[in-house]
Amino acid sequence: MTARLLGVVTVAMLVLTGCATNVPARREPPPAPAPVIHAPVPAPVVIVPKPEPTPSLPPPVAEEPAPLPPTPDKPAPATPVTSLLASVQAAVAAGKLDQGAALSERALRISPRDAQLWYQLALIRARQNRIDDAAGAAKRALSLAAKDPILLQQINALLQELAAKGATNSGK
Amino acid sequence: MTSRNSSSARPKDSPGRFRRYLFRLLWSVVLLAVLLVVYRCIWVDRKIRRDFQALQWALPARIYSRPVELFAGVHMNADDLVDYLQRLGYRRTAKVDRSGEYKVGGGHVVLRSRGFQFWDGAEPEVYADLTINGHRVSKVQDADGADIQLLRLEPVEIEQINPSTGEDRMPVTLADIPKTLITAVVAVEDQRFYTHHGIDPKGIARAMWANLRAGGIVQGGSTLTQQLIKNLYLDKEQTLRRKIEEAVMALSLELHFSKDDILTAYFNEIFLGQDGKRAIHGFALASQYYFARPLNELRLDEMALLAGIGRGATYYNPLRYPQRAVDRRNVVLGRMHDLGEISDKDYETALKTKLQVREKIVNRNGYPSFMQLVYDNLKRDYDKDALRTQGLNIFTTLDVTMQSKMEDRLDDAVARVERDARKGNPLEAAVVITDANTGEVRALAGGRKRGYSGFNRALNAVRPIGSLVKPAVYLTALESKQFNLASVLADQEIELKQPNGEVWKPQNYEREADGDVYFYDALQRSLNLATLDLGLKIGVDKVKQTLTRLGYTGDAQPYPSFLLGAVDMTPLDVAQIYQTLASSGFRSPLRAVEAVTTADGKPLAFYSIETKQVADPAAVWLLEHALQGVFERGTAKSVAPALRAHMPLAGKTGTTNDLRDSWFAGYGNDLVGVVWLGHDDNQETGLTGAAGALQVWSTLMQAFDVEPRQVPAPESIKFDQVPLTPTHNGAQRDCSATQSLPFLADAMPDVAISCEVNDSFFGRVIDRFKGLLK
């Protein structure tokens, strides 16, 4: 009896909650490929492979389905971006920050949605004490790093550090 | 007495004394003259020493295009690559041996690059075999078949900012000058160069004899040293005094400087042609000017030609008088052969070689519209003098292939949509193409004609933007989270009292009000009344703030008409705003300059990529979902079939009152393009954005092979089913026909409207409650 009463009350509360506002909810995406890319709904769109051959960056970037098959056993093959990234790191290690930044920008022109590259640029700008530029690049990295928890953590740590230094580029 | 004595003595002593006096006077005059001459010689000597030691040419700034990057997977077809190589003056050969050569065939382009000093480091000379499948490079390999990760070709020099003298040159050291060229010049101009002391009496005598026999001037007796002096002091005077002074200068030069120093100066100084207002000085530049190749890539016949035209660069100009130039070349070859400097075989081959000047005069009109943007970008940091004299290298973002494709098509594309092609008042155009991610300007047109250099409409035509403003209205609403794509807006007639007391009664373009419409649909079909309904609810001020965040810098009054585009901007301003949308809410200032280096390649300034988050990426993603629908079912659907291979794309049409301006702004993954069409006198064009600018945009984007827009959904995006027909009333909801739309997780559609799977109201409430708890 009490249990039934409780049930009725719960349902009533739920109804009230539901009617009161446009309730935020989290749901599973529909089964179609729609949530992955912008595409006319409902017809799934045939995807042309992306130009940037960045299937094997150290931390994979939030991209549409990778056009190349995964190669988990072999070491990641070198790509233009990884080879540039190595040059970036070499330049930074040698204290050539301007050159490092220029090289990461060259890589970004080739692969502009690469979270790791934006993060590298943010790190260099932070070392150059260009705090707002660093924050901008870090935010951009953050927006692209959705599927890489480690990178996300690193970016958030950097953003905190920059906020402490008074970055103004922390949002709108 | 004394006077008498002296007067009486005068007649007696007069002749001797007078002679002595005269002699003394003469002697003094001669002495004075000698002293003057000696003084003049010393003066000349010192001047020569000083001038020559400090010899520093005012060097023009060189403006370079964006370099082509080659790697496996890059978007590049064989035709575009070959076009780029030709702009660099690469020579097509059967076998690629030397730098600056390429061959094409069987799906391959093989080349040997030249290497280049970029602002971020040196690019080495590389041999590369590229496999090209259609629109993409699939493999880049070296001579041994090993993969090359990345290869950057040299940039194309698009323009120079010349010194006020108009002289242009590319100074080189003696080591950079091919031996054969030196031999050729010495053979034809001054055979005893290495043995004389600045002037060559034997040479003069021989020239005089030759001229006497020919009855005119056929040979000069000037040594290279004398010619150098003549060029350095730019004096055409042919007086004896001038000749003597030149001789003194030549002797002085030889006294103080080595033959190598003199030769180097000669090779850099000598005048070798005139290109409009630009004077071509020195062999290195002449090589680029006539053959579009560096000195070290020239063949014997080409070197002989350059050596020959020094005598009369205008008369022997190979571009204008090929036969004269070839005759002169053959004289040089003959002289070299006579002197035993070249073998019989080389002589015969060179003699028979057809003159091959640069393949095409690439873009004779230059890039005036784009250059204006470059100047605008540079003027903050460099004054005109620095640009004209210091030999700076300026690396820009211009994509020469894209610019050329645009110029090839723009005029015709505008002509195709032009309604009333009246003389004297043509439909004009402006185009801005930028990189969708970095804000770099790739191509720019300030008018519809190729190489147009007048009023730059892309930078300076300030026009109302019409419906191009609408994305700012809808983005403001999405960011507020009070609205989502399935919000139902009222597309109904409205009367608004304006500040001046007049009543404003806006209408839809189709003149009919649609009643209840979905948020996304109102944007896709560009419904004015629904947009006003939305914009007035969220506040015109807020919309203006959004537009400012996106990149608008003006100060239009936030009246309701602002919501329908009563705000003036240039095409470049519009490109900035759509650039921010294409970058998912990150604003990067549009730029035309990448970096500046000194004459010897040291980096001086980097104009780096800046980025600042100015909008919520998830809200921008939703907005873009609607903007993609513009092509699928909205105002841009007319071009969807033609752009099928490039879809999805995002964009928006814009039309202003009385069809005075026709706009389209849109983007794919790689490019943002803004097209404006209109008349300079603001007459009606008879064109909507869809009938005019959109058609031109579509033509250009097909030519650029724009990449489909594919941006992964942010984590916070969820999909939900809503009825196809919009309704405010849950009871009338028709879930028999639904559509899936994306939403921000914290701005889902009203539960009453949703058609999610569990199709009972309570079920949906519970679903959502469960969802909240997850």
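**Strands and helices in chains A and B**

Q: Which residue stands opposite B:Val432 in E30(B)?
A: B:Val674 of E30(B) is the one facing B:Val432. Strands here, like helices, are DSSP runs numbered from the N terminus (E, at least two residues, for strands; H or I, at least four, for helices).

Q: Before going on, what sort of model is this?
A: This is a predicted model, in which local features need pLDDT of at least 70 and side-chain atom pairs count only at pLDDT 80 or more, while totals for chains, interfaces and linings use all residues. Residues are numbered from 1 along each chain as its sequence is written, with chains lettered from A and ligands numbered from 1 in the order in which they are written.

Q: Back to E16(B). How many bridges join E16(B) to E30?
A: Eight bridges, and E16(B) and E30 (residues 671–678) of chain B run antiparallel. Two strands count as paired if DSSP finds at least two bridges between them. Besides the B:Val432 pair, B:Thr434 has B:Val672 in E30(B) as its bridge partner.

Q: And how many bridges join E16(B) to E17?
A: Four, again antiparallel, with E17 covering residues 441–445 of chain B. One pair there is B:Val431 with B:Ala445 of E17(B).

Q: How many residues lie between E16(B) and E17(B) in the hairpin?
A: Five residues separate the two strands. In that turn, B:Gly439 has a positive phi of about 80 degrees.

Q: How many residues of E16 are buried?
A: Eight of the eight residues in E16 (428–435) of chain B are buried, so to put it in terms of the cut-offs, each has 20 or more other C-beta atoms within 10 Å of its own, C-beta atoms being placed from the backbone (12 or fewer would be exposed, in between partly exposed).

Q: Which residues point one way from E16(B), and which the other?
A: B:Glu428, B:Ala430, B:Val432 and B:Thr434 point one way, and B:Ala429, B:Val431, B:Ile433 and B:Asp435 point the other way. Both sets are buried.

Q: What is the strand order of the sheet with E16?
A: The order is E17-E16-E30-E29-E28 of chain B, an open sheet of five strands with antiparallel pairing. E17 and E28 (650–655) are the edge strands, each pairing on one side only. Neighbouring strands are turned by 5 degrees against each other on average, direction ignored.

Q: Which helix lies across E16, E28, E29 and E30?
A: H22 (residues 693–704) of chain B, running at about 145 degrees to E30(B). Such angles run from 0 to 180 degrees between N-to-C directions, and axes are lines fitted to C-alpha atoms, for helices over the stretch in contact.

Q: Now chain A. How many helices and strands does the secondary structure of chain A have?
A: Chain A has six helices and zero strands. Of its 172 residues, 40% count as buried.

Q: At what angle do H2 and H3(A) pack?
A: At about 170 degrees, with the axes of H2 (residues 80–93) and H3(A) 8 Å apart. That is why H2(A) and H3(A) are roughly antiparallel; the label takes angles over 145 degrees, while under 35 is roughly parallel, 65 to 115 roughly perpendicular and the rest oblique.

Q: What is the contact of H2(A) with H3(A) by class?
A: Eleven nonpolar, four polar and one charged residues. Nonpolar means Ala, Val, Leu, Ile, Met, Phe, Trp, Tyr, Cys and Pro, charged means Asp, Glu, Lys and Arg, and the others, Gly among them, are polar.

Q: How do the axes of H3 and H4 of chain A cross?
A: H3 (residues 97–110) and H4 (residues 115–127) of chain A come within 9 Å and cross at roughly 160 degrees. H3(A) and H4(A) are therefore roughly antiparallel too.

Q: Which residues of H3(A) and H4(A) make the contact?
A: From H3(A), they include A:Leu97, A:Gly100 and A:Ala101, and from H4(A), A:Leu117, A:Gln120 and A:Leu121 are among them. Contact means C-beta atoms, placed from the backbone, within 7 Å. By class there are seven nonpolar, three polar and two charged residues between H3(A) and H4(A).

Technical notes. Contact = placed C-beta atoms within 7 Å.
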